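Me: I am new to this structure and would like a close look at a single part of it, the aromatic cluster. Could you then lead me outward from there to the rest?

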Amino acid sequence: MAVLSIRNNHRRRYVILFLSLACFIIYRHFRGATGKIWINRSMGLRVNSSQFTLGGKPFRILGGSLHYFRLPRAYWKDRMVKMKACGLNTVTVDVPWSLHQPEKGELRFQGGLDLEAFLNLAAEVELWVILRPGPYIGSDLDLGGLPSWLLRDREMKLRTTYPGFIAAVNVYFDKLIPKVVPFQFKKGGPIIAVQVENKYGSHARDENYMTFIKEALQERGISEVLLTSDDHKGIKYGGVQGALRTLNLQKMNHDDIKYLETVQPNSPVLVMELWTGRSDGWGGLHHSFPAEDLVAVVREILRRGMSINLYMFHGGTNFGFINGALGNPSYKALVTSYDYDAPLSEAGDYTPKYHLLRDLLSNFNSEVLPEMPGLRWKEQYEAAILFQHLSLWDALPFTPEPFKSQFPVNMENLPVNNGNGQAYGYTLYETTITRGGSLKSGHNIQDRALVFVNQSFIGIFHHRNVELAVPEGKEKRTLSLLVENCGRVHYGKDMDNQRKGIVGNILLNHTPLRDFTIYSLDMTPDFIGRLYRAPWKSVPNKPSFPGFFQGRLFVNGYPSETFMKLPGWSKGVVFINGQNIGRYWDAGPQQALFLPGPYLNSGMNQVIVFEEAEADFKIQFENSPDLGMTVDI
């Protein structure tokens, strides 16, 4: 009897163990990305008369925008966890075509562009996803996220059914959409909605275009609810049959809501972009949207039962040359920081907006909000002394083979980068002159040019300065124009005219210049790598400009993030271990560049600065940001 009792006890233990394991498997199978049990995956996000439902249950979108391409991959999860801890349940994801397909025949989804890894992380953190695959996304990116090689076609009509554009979109979508289809809600993934294009009502040049994009998504397997996104002026013309119209705004205007309800009655209201701040332009001020004002708008939106997405929840950084530009009322390139005055700062720190929003959103969450994660340490490193110098002219042998042309050729049509032209950076145009006089650009310099005669600086062309005096001289001399693409306009109806470099005739005494030698200086990692073999020299008392300056930053122990300041420098670009951190300019407002810890090594780090006009030969590293003088929106 004792033996039989022992066997029965073992049997009961095995049964309990089996049942526990079965319950765990069932739990894992039916739990959703937000931890909800028994969610009905056959019923995705649905639009009822006054509210959304998800899995057949009432659902309110509490979203925030986060750009994976504006922060190091190592920080993706940190930003998502902080989003979750703020009370949000959805992350809105913009997909930049220009970065994923920098050349026609190449698509990149590795490293910091691994979209599938980002979507997997969102599911792991238990955030739903609204996907915005474009092709145009805006997002204050160069050309709104469209690749510049599209502009090689002189007849190109962006964001229309122009054959050249839709052919390129089809190739891109053929690669992109199959990667995201498995992540849809009905397939067990986090994507609950997909946006068709972005803000098309402000463009609205082709009545067939939005239908083409919608069908292009659906034909490739997109089956979740579709959205469009516009401000008040664009709502009427930016929609498409079968997609829910959503609204963009910053300050509460009841007329905007009423107008949306008139155009689209008996539908829930989603504020797709509630702008938490604004991007900054060089030569201006840093924009701030007061925390109390933002929270008041959010509170009113939620009181009315509407859904919301914060653009941006976290802005990040325009690393490299990816920044866009404003076209109206006049051209103004955007700064390197994309802090945006968002609830989470450029460096991922909490702001008063974050704390106020968390307090408010806790009232709209059925569960206690997660703990707020700790913050990363900011380090004030010893200044880096830049002790080596390389003039621009001595760096030219390390560029691609120069191109000779009777006429000036814009960046996009240069025969470089496997026939895709030059997307970013600088281009040097050189020709021979035999006299001086009046040099006129006629607005054919896009966007800014340093002008030299026999490597001696004589002035700057830019959007407001279109004439220079060339010193007299009858001997043959070399006229050089170093032209910078400061950023293509990212919004509006002028996007077809965003070719950069020299885009037309430059006149000397009313005679067009001819017979150019053209150097592509796109400052790619390969180019910076080739400079290691260049004939660097110790910095002289009076170094020539433009030029490259090289030094070292020593990091003791595990690298921490920091902020680079360059007082005494004028305008240029900083590279750390070959990584383009972005532009600096004493025109402001931004006074310090954010340097993430993952871009640093323990021990020695190489620092290279390309400076156009003036240098102090050292870089300071601070433990706090400096975005410049502030003005309230």
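**The aromatic cluster and its surroundings**

Reply: Seven names to find in the predicted model: Trp97, Trp149, Phe165, Tyr172, Phe173, Tyr200 and Tyr209 form one aromatic cluster. Within the whole protein, the count of aromatic pairs comes to 29. Let us take one of these pairs, Tyr200 and Tyr209: their ring centres are 4.9 Å apart and their planes meet at 35 degrees, so the pair is tilted. The reason for looking at both values is simple: a pair of aromatic rings is described by the distance of the centres and the angle of the planes. As for their surroundings, Tyr200 is buried, and Tyr209 is buried too.

Now please find helix 5, which spans residues 163-180. In the loop between strand 6 and helix 5 sits Arg159. Is Arg159 buried or exposed? With a relative accessibility of 0%, Arg159 counts as buried, since the cut-off for buried is under 20%. The backbone of Arg159 deserves a look as well: its phi is near 60 degrees, a positive value in a residue other than glycine. Most residues other than glycine have a negative phi, and most peptide bonds are trans.

Glu126 is another residue to visit for its backbone. The phi of Glu126 is near 70 degrees, again positive in a residue other than glycine. You will find Glu126 in the loop between helix 4 and strand 6, the strand that covers residues 128-132.

Helix 4 (115-125) also brings us to helix 2, because the buried residues of helix 2 pack against it. Their other partners are strand 4 (62-66), strand 5 (90-94), strand 12 (307-314) and helix 10 (352-361). Helix 2 itself runs over residues 76-85 and is mostly covered, with eight of its 10 residues buried. Which residues of helix 2 are buried? They are Trp76, Asp78, Arg79, Met80, Lys82, Met83, Lys84 and Ala85, so you can see charged side chains such as Asp78 and Arg79 listed beside Met80. After helix 2 comes Gly87, whose phi is positive, near 105 degrees.

Further along the chain there are two cis peptide bonds to look up. A cis bond joins Gln446 to Asp447, with omega about 15 degrees. Asp447 lies in the loop between strand 19 (445-446) and strand 20 (448-453). Another cis bond runs from Phe545 to Pro546, where omega is near -5 degrees. Pro546 belongs to the loop between strand 28 (537-538) and strand 29 (547-555).

Finally, step back and take in the whole protein. It holds 12 helices and 36 strands. Its radius of gyration is 27 Å, close to the 26 Å that the globule rule gives for 633 residues, so the protein is as compact as a globular protein of that length. Along the principal axes, the C-alpha atoms fill a box of roughly 115 × 60 × 45 Å. Of the 633 residues, 59% are buried. Among contacts between residues at least 6 apart in sequence, 78% join residues at least 24 apart. On the outside, the accessible surface comes to about 26100 Å², and 52% of that belongs to carbon and sulfur atoms. The protein has 68 positive and 61 negative charges, and the mean positions of the two sets are 6 Å apart.

Technical notes. Residues are numbered from 1 along each chain as its sequence is written. This is a predicted model: local features need pLDDT of at least 70, side-chain atom pairs count only at pLDDT 80 or more; totals for chains, interfaces and linings use all residues. Side-chain values use heavy atoms; hydrogens and water are left out. Helices (H or I, at least four residues) and strands (E, at least two) are DSSP runs, numbered from the N terminus. The radius of gyration is taken over C-alpha atoms; the globule rule is 2.2 Å times the number of residues to the power 0.38. Buried means under 20% relative accessible area, exposed over 50%, partly exposed in between (1.4 Å probe, protein chains only). Contact means heavy atoms within 4.5 Å. Accessible areas come from the Shrake-Rupley method with a 1.4 Å probe; for residues, only the protein chains shown count as cover. The place of a charge is taken as NZ of Lys, CZ of Arg, CG of Asp or CD of Glu. Rings of Phe, Tyr and Trp (its six-membered ring) pair if their centres lie within 6.5 Å; planes under 30 degrees apart count as stacked, over 60 as edge-to-face and the rest as tilted.
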